[in-house]
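Me: I should like to learn how to read a ligand site and its surroundings in a model. Could we work through one together?

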Amino acid sequence: MKIAIIGTGYVGLVTGTCFAEVGHDVICVDNDKSKVEMLQGGGIPIYEPGLEEMVKKNVEAGRLRFTDSTNEGVEASDVVFIAVPTPPQPDGSVDLSFIEKVAREIAGAMTSYKIIVDKSTVPVKTGDKVAETIKRYCQAKVEFDVVSNPEFLREGFAVDDLMNPDRVVVGVMSQRPVVAMKEIYEPFKAPIIVTDINSAELIKHAANSFLALKISYINAISAICEASGANVTEVANGIGMDERIGRRFLNASLGFGGSCFPKDLSAFIAISDELGYDFALLKEVQRINADQMSRFVRKITDTLWVLKEKKIGVLGLAFKQNTDDTRMSPAVELCNRLAAEGAELRVHDPKAMEKARPLLPEGITYVDDMNDVAEGCDALVIATEWPIFTELDLEKARKSMSAPIMFDGRNLFDPQEMEKLGWTYKSIGR
Ligand code: UDX
């Protein structure tokens with residue numbers, strides 16, 4: 001299939017590359033000229049395991065190219081995917097102006113039948129608006145179909161998630177685009193759910209909100225565990241073995257973050273409000289998440305008492321493992337809260353130090369080697385679940401600290417082992 005992808009952020013770039021990988025002819029469009037030049041020169045603007053090699057391979061094979069011209073993209077393709085940002089507004093609702101602008105641009109460039117597919121996460125009923133907009137601005141008055149095809153990839157596992165999806169959701173207004181959509185996804189060997197466009201849009205918000213709810217649920221349980229002496233990992237294992245519940249996304253933490261869950265929750269609450277339903281359950285999910293961070297900070301201040309002039313080492317700045325993304329990162333929020341209390345921070349992240357720098361106050365020490373972070377510190381904090389942190393030289397860290405205290409916001413270590421090794425170890429819900 002001949003495919004254009006408008007927007008080369010996480011979703012657009014990975015989607016386009018994976019489509020090329022399975023043999024489609026893909027042109028990626030971005031209005032950021034410097035980004036396009038970078039991609040044309042073989043550079044990748046984000047860190048995502050496996051992506052760089054895959055881009056290179058498909059560019060060399062002639063199946064993947066980049067342009068800053070929407071006209072060129074639309075002309076060269078039968079199916080045009082929209083994968084532009086849908087950022088949150090101050091009231092929690094979604095800013096759809098990028099989608100609207102791209103819809104107008106596509107309309108202006110269309111000279112024959114096109115399938116326009118929305119991949120960006122949008123509130124229910126956006127497809128209707130996109131269709132109306134294209135109809136209004138299409139001078140050539142050609143036929144088209146609008147499809148909703150939400151993306152479920154996780155950052156850090158994006159290539160794998162896209163190549164091996166659990167399911168593909170295709171929301172349509174008519175049957176005409178179904179054959180082409182099935183042809184695009186046939187190589188991925190996943191079940192394809194064809195449904196109406198409103199349901200497809202809702203599936204995305206409902207899925208992400210449910211996953212966030214699952215994390216807040218286990219985080220609430222972690223508070224009960226701390227108050228009662230139970231162990232949240234044991235509880236998660238115990239309930240997770242019930243197939244109806246499942247063990248995944250039941251890892252207690254200092255809270256969820258990232259560019260999706262917080263934004264999608266707010267957006268879903270806002271659109272529900274607009275539709276006349278007060279989604280109080282999801283407001284509680286948000287409240288528990290904020291509270292989880294406050295409880296973690298309180299744990300640190302209860303132990304260290306005054307943070308002013310205390311040296312604290314922080315491992316992790318990304319919002320989760322395997323990514324350099326720091327958007328809405330709980331680790332960054334934690335650093336800011338500790339710094340605001342006067343703590344002197346020494347921080348390390350395997351990939352996210354550059355992206356975190358503009359989000360953190362002056363005066364923080366960025367440490368290249370994770371094993372040097374604890375040097376002279378009063379406490380060490382684990383803020384991101386990077387698996388490499390489990391390989392930390394604990395003995396070296398312990399000896400280099402004024403007192404070996406660890407606050408583990410990701411439960412990466414075993415409490416009994418840590419006590420045995422001479423640490424004062426505080427984690428989440430254990
Ligand atoms: C999420 C969805 O998983 C994905 O399907 C959707 O397309 C986009 O949003 P992503 O934001 O990349 O993906 O990350 P995810 O792995 O879901 O983690 C989100 C946050 O939850 C991270 O901060 C992570 O650390 C946290 N988390 C995750 C937990 O605290 N506990 C868990 O058990 C799982």
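**Reading the ligand site**

Reply: We may begin with a single contact in this predicted model: a polar side-chain atom of Lys 204 lies 3.5 Å from an oxygen atom of the ligand. Of the 670 Å² of accessible area that the ligand has on its own, the protein covers 94%.

Me: Which backbone atoms lie close enough to the ligand to count as polar contacts?

Reply: A polar contact is a pair of N or O atoms within 3.5 Å. Here a polar backbone atom of Glu 155 is 2.7 Å from an oxygen atom of the ligand, and a backbone N or O atom of Glu 151 lies 3.4 Å from a ligand oxygen atom.

Me: Which residues come nearest to the ligand, and how do the residues of the shell divide by character?

Reply: The ligand has 20 residues around it, of which Phe 152, Glu 155, Ser 253, Glu 385 and Arg 410 come nearest. The shell divides into 9 nonpolar, 4 polar and 7 charged residues. Helix H9 (residues 197–228) gives the largest share, 3 residues.

Me: Why is the ligand said to lie between domain 1 and domain 2?

Reply: One asks which domains supply the shell. Domain 1 (2–190) and domain 2 (205–285) both give residues to the shell, so the ligand lies between them.

Me: How many residues of each domain are in contact, and what area is buried between them?

Reply: In contact are 14 residues of domain 1 and 11 residues of domain 2. About 900 Å² is buried between these domains, with carbon and sulfur atoms giving 66% of that area. The C-alpha centres of the two domains lie 29 Å apart.

Terms used: Residues numbered from 1 in each chain as written. Predicted model: local features only at pLDDT ≥ 70, side-chain atom pairs only at ≥ 80, totals over all residues. Heavy atoms only, no water. Near = heavy atom within 4 Å. Polar contact = N/O pair within 3.5 Å; in protein donor to acceptor, adjacent residues only side chain to side chain. Areas by Shrake-Rupley, 256 points an atom, 1.4 Å probe, with all protein chains shown as cover. Helix = DSSP H or I, 4+ residues; strand = E, 2+ residues; numbered from the N terminus. Nonpolar A, V, L, I, M, F, W, Y, C, P; charged D, E, K, R; others polar. Domains from an automatic or database assignment. Contact = heavy atoms within 4.5 Å. Buried area = accessible area lost by both parts, 1.4 Å probe.
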